[in-house]
Every structure is written in C-alpha cells, then in structure tokens.
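Reader: I'd like to go through this model with you and ask where each label comes from. Shall we look at it together?

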Amino acid sequence: MTTGDHGTDGVERRGLMFVLSSPSGAGKTTLSRMLLEREPGLNMSVSATTRAKRPGEVDGRDYLFVDKPRFEAMVKGDELLEWATVFDNLYGTPRAPVEAALSAGQDVLFDIDWQGTQQLHQKASVDVVRVFILPPSAADLEKRLHSRAQDSDEVIRNRMSRASHEMSHWAEYDYIVINNDVDKAFAEVQSILKAERLKRERRTGLVGFVRGLQGQLQG
Ligand SMILES: Nc1nc2c(ncn2[C@@H]2O[C@H](COP(=O)(O)OP(=O)(O)O)[C@@H](O)[C@H]2O)c(=O)[nH]1
Ligand SMILES: Nc1ncnc2c1ncn2[C@@H]1O[C@H](COP(=O)(O)OP(=O)(O)O)[C@@H](O)[C@H]1O
C-alpha cells in the first residue's frame, strides 16, 4: 500500500495509521493538536461530516462540512475509506488524502469512533495503531464538555448518555491512555507513536541496512 519513507535514522519504512478514539470530551482533539504540532511526518485526516459547524471550527481544517446528499454521493462514489453514523450525523474519512500521505511514507492521524476504527482495521490491520482515551471520571468528562462551551446543554446530555456505550469498545484498542493530566497523557500518546514507528515489520529498509553493515564488516 505504501512506498515508504526515511525515518529519522535514515531507514525506510511504511507509513502508519494512528487512531485516537474516546467518548466525546475526553481529549482527542486536544491530544491530536499537540501531536501534530510536535511530531513531524504526521498528517491529520480531515473527516467529512454532516454535523453543524461549531463556533471556531474551520471548514477544511477541522472537518469538511457537507450536506447529506453530498455525503451520500461520496459513499456511492467509494470516496470514503470508512464512514459511520455518530450522534445522528454522518462522519467519514476521505480516501484520497490518506492514500497520498501513506504512499509518500507519511503517517496519518485519525480522530474517529470505534465503528470507523473497526473498518480501518479490517482493511489495513498491520498498519493501524489504535489508541483509546479515557477520562479520569464521569464528573471530569461532564466538566470538560461544559468547559469547551461549544454545545448546547441538550447536546451535552446526549453525549454524556452515550459515553458509556462508546467506552464499552475500549478492549478493541491496542493502547489505553487515561487523560487526567494533559501533559502526561500527551507524553504517553507520543511514546506510543515513537515506539510504533520503530517496529521492525514497518521498517522496510532494515534488510538492506543490515546487509550494508555486514558488507562493511566483511570489507
Ligand atoms: N467513523 C468516523 N467517526 C468520526 C469521523 N470523524 C469524527 N468521528 C467521530 O465522531 C464523534 C463526534 O465527533 P465530533 O462531533 O467532532 O465531536 P467530539 O467527540 O467532541 O470530537 C467522535 O467520536 C469522532 O471521533 C470519521 O471520519 N469517521
Ligand atoms: N487533561 C485535561 N484536563 C482538563 N481539561 C482537558 C484535558 N484534556 C482536554 N481538556 C479540555 O476538555 C475539553 C474537551 O476536550 P477535546 O479535546 O475537545 O475532547 P474530544 O475531542 O475528545 O471531544 C476541551 O475544552 C479541552 O481543552
């Protein structure tokens, strides 16, 4: 699927798909922004959605805001890598930018729910790294949803009532991070990415690299 890139140590490797999921308000967006700022070679997958834009959100940066007929046309045209209904709205991952980034040997970051994660994993399991973010407590989750001040009380009640169901999928993920202190949670997520980038099976250039080393030793 990918042609690979040179890692920081010069050895070629395949790009990976780094997925963050959590109940709404647990901190995915915050941790994603921190990762994008501090980790070169990581590209955010910008999802298409039919949900209304929140104050401060920018079309094309936070989401591609589309209407239902346009979303349905994207599904029909096989333009989405995965898609799902979440909170009565449609969300999906445009295929082309992800494939372009991976073939350039870049990594791609996804903020998608458990349904999308399952679909990605079915398609490309070895290249998918799944991280689930949990809040430290229900009270903290509610506080964060209110502190974000972007949703009505009714939307927040809906999100709180769905949190338990979302969380029931935690065991389908490779890593679980509890977001109590944001800097600590970020350090944990960053360590996961760094370690996954070093995994032998992604590092397609290792055979040649080691042969080169052996040649030097014999030379
Ligand atoms: N399957 C899937 N889920 C998505 C996608 N984009 C966003 N989501 C999920 O949809 C849910 C709602 O997202 P959003 O309305 O931005 O609220 P948030 O939970 O506060 O980030 C979150 O669980 C996101 O991870 C996507 O492209 N595919
Ligand atoms: N560890 C944390 N401690 C306190 N507040 C946090 C923490 N992580 C995130 N927040 C805040 O909680 C709110 C929800 O976080 P956000 O990243 O938007 O969650 P999600 O994308 O999972 O819905 C935001 O206002 C964010 O600044």
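Reader: Let's begin with ligand 2. Which of the 15 residues around ligand 2 come nearest?

Author: Those are Gly27, Thr29, Thr30, Arg144 and Val182. Keep in mind that this is a predicted model. Among the elements, α1 (28-38), α5 and α7 each supply at least two residues of that shell.

Reader: What makes up the shell around ligand 2 in terms of nonpolar, polar and charged residues?

Author: It divides into three nonpolar, eight polar and four charged residues.

Reader: How do you know whether glycine 27 is buried or exposed?

Author: You count C-beta atoms. The label "buried" needs 20 or more others within 10 Å. Glycine 27 has 25, so it is buried. It lies in the loop between β3 and α1. Leaving out residues up to four places away in sequence, glycine 27 touches Ser22, Ile133, Asn179, Val182 and Ala185.

Reader: And threonine 29, why is that one called partly exposed?

Author: Because it has 15 other C-beta atoms within 10 Å, and the partly exposed class lies between the exposed limit of 12 or fewer and the buried limit of 20 or more. Threonine 29 has its place in helix α1. Its C-alpha atom is separated by 7.3 Å from that of aspartate 111, although the two are 82 residues apart along the chain.

Reader: What does UniProt list under "binding site"?

Author: The unreviewed entry lists Ser22, Pro23, Ser24, Gly25, Ala26, Gly27, Lys28 and Thr29. Glycine 27 and threonine 29, which we just discussed, are among them.

Reader: Serine 22 is on that list too. How do you know whether serine 22 counts as buried or exposed?

Author: With 26 C-beta neighbours inside 10 Å, serine 22 passes the cut-off of 20, so it counts as buried. Its place is in the loop between β3 and α1. Apart from residues up to four places away in sequence, serine 22 touches Gly27, Lys28, Phe132, Ile133 and Leu134.

Reader: What does isoleucine 133 contact, leaving aside its neighbours within four places in sequence?

Author: Isoleucine 133 is in contact with Leu20, Ser22, Ala26, Gly27, Lys28, Leu31, Val177 and Asn179. Ile133 is also one of the residues with the most contacts inside the largest nonpolar core, along with Met17, Phe18, Val19, Val108, Phe110 and Val131. That core has 34 residues. Elements giving two or more residues to it include β3 (17-21), β9 (107-111), β10 (128-134) and α7 (182-197).

Reader: What makes leucine 141 a buried residue?

Author: The count again: leucine 141 has 24 C-beta neighbours inside 10 Å, and 20 are enough, so the label is "buried". Leucine 141 lies in helix α5. Residues up to four places away in sequence aside, it touches Pro23, Gly25, Ala26, Pro135 and Ala163. The C-alpha atoms of leucine 141 and arginine 13 are separated by 38 Å.

Reader: Over to ligand 1. How many residues surround it, and which are the closest?

Author: Ligand 1 is surrounded by 18 residues, the closest being Ser24, Ser47, Tyr91, Ile112 and Gly116. Two or more residues of this shell come from each of α1, β7, β8 and α4 (114-124). By class, the shell divides into five nonpolar, eight polar and five charged residues.

Reader: Now the open sheet of four strands. Why are β6 and β7 called its edge strands?

Author: The order is β6-β5-β8-β7, with mixed pairing. Strands β6 (64-65) and β7 each pair on one side only, and that is what the edge label refers to.

Reader: What makes β5 and β6 a pair?

Author: At least two bridges are needed for strands to pair. β5 (residues 48-49) is joined to β6 by two bridges, so the pair qualifies, and the strands run parallel. Threonine 49 has phenylalanine 65 in β6 as its bridge partner.

Reader: What is notable about the phi of aspartate 78?

Author: Its phi is positive, about 55°, although aspartate 78 is not a glycine. Most residues other than glycine have a negative phi. Aspartate 78 lies in the loop between α2 (68-76) and β7.

Reader: Why does aspartate 78 count as exposed?

Author: Because aspartate 78 has 8 C-beta neighbours inside 10 Å, and exposed means 12 or fewer.

Notes:
Residues are numbered from 1 along each chain as its sequence is written. Chains are lettered from A and ligands numbered from 1 in the order in which they are written. This is a predicted model: local features need pLDDT of at least 70, side-chain atom pairs count only at pLDDT 80 or more; totals for chains, interfaces and linings use all residues. A nonpolar core is a set of buried Ala, Val, Leu, Ile, Met, Phe, Trp, Tyr and Cys residues joined through C-beta atoms within 7 Å. Two residues are in contact if their C-beta atoms, placed from the backbone, lie within 7 Å. A residue is near a molecule or strand if its C-beta atom, placed from the backbone, lies within 6 Å of it. Ala, Val, Leu, Ile, Met, Phe, Trp, Tyr, Cys and Pro count as nonpolar, Asp, Glu, Lys and Arg as charged, and the others, Gly among them, as polar. UniProt positions are given in the numbering used here, feature names are shortened, and annotations may be inferred rather than shown by experiment.
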